[in-house]
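Please look over the briefing below, which takes a loop residue, a pair of strands and a pocket in turn.

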Amino acid sequence: GMFVGPSRSIFSSLVLLSRQRRNLEAFHIEGRITMLEEDGLLRPQKSTAVPMLRSPLKWVFSLSLGAKTSSAWNMTLAAVRSASISPESLIPVCLTDAAPMSE
């Protein structure tokens with residue numbers, strides 16, 4: 001199978017680099033090089049950067065009617081910020097259980 005993980009984690013960085021060396025599929029969700037490669041701690045033969053397929057990226061998130069909107073919204077923004085992505089550079093796509101004509 002394929003490994004999918006964040007590039008900002010030491011564990012994921014090691015797994016991504018290990019799988020790359022063994023020609024196994026691996027993908028990290030931020031599209032940047034791994035944290036260990038960026039810090040110069042590991043130097044892979046081939047960069048771990050993932051080329052961007054489409055620009056601008058779509059930011060797909062979900063909000064439920066049962067959740068408190070402000071706390072759910074703050075959590076989704078925190079997730080984007082932790083990935084070092086500017087929310088202004090994304091196209092927001094919200095999945096919700098609200099009725100189509102609700103406000």
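In this predicted model, asparagine 23 is found in the loop that runs between helix α1 (10-21) and strand β2 (26-28). The points below begin with that residue and then move on to other parts of the chain.

**The loop residue**
- The phi angle of asparagine 23 is near 60 degrees, which is a positive value in a residue other than glycine.
- Asparagine 23 counts as exposed because its relative accessible area is 72%, and the cut-off for that class is over 50%.

**Strands β3 and β4**
- Side chains alternate along strand β3 (residues 58-63), where Trp59, Phe61 and Leu63 point to one face and are buried, while Lys58, Val60 and Ser62 point to the other face and are not buried.
- Strand β3 pairs with strand β4 (residues 91-96) in the parallel sense, and the pairing extends over 6 bridges.
- Tryptophan 59, one of the buried residues of β3, has proline 92 in β4 as its bridge partner.

**The second largest pocket**
- The second largest pocket holds about 240 Å³ of space, and of the 13 residues that line this pocket, Gln20, Ala26, Lys46, Ser47 and Thr48 are the closest to its centre.
- Both α1 and β2 contribute to the lining of the second largest pocket, each with at least two residues; these are the two elements that the loop holding asparagine 23 lies between.
- By residue class, the lining of the second largest pocket is made up of 6 nonpolar, 5 polar and 2 charged residues.

Methods
Residues numbered from 1 in each chain as written. Predicted model: local features only at pLDDT ≥ 70, side-chain atom pairs only at ≥ 80, totals over all residues. Heavy atoms only, no water. Helix = DSSP H or I, 4+ residues; strand = E, 2+ residues; numbered from the N terminus. Buried < 20%, exposed > 50% of the residue type's maximum accessible area, 1.4 Å probe, protein only. Pairing = 2+ DSSP bridges. 1 Å grid on protein atoms, 1.4 Å probe; cavity = no way out; pocket = protein on both sides within 12 Å on 5 of 7 lines; lining within 4 Å. Points joined across faces, edges and corners; volume = space filled by probe spheres on them. Nonpolar A, V, L, I, M, F, W, Y, C, P; charged D, E, K, R; others polar.
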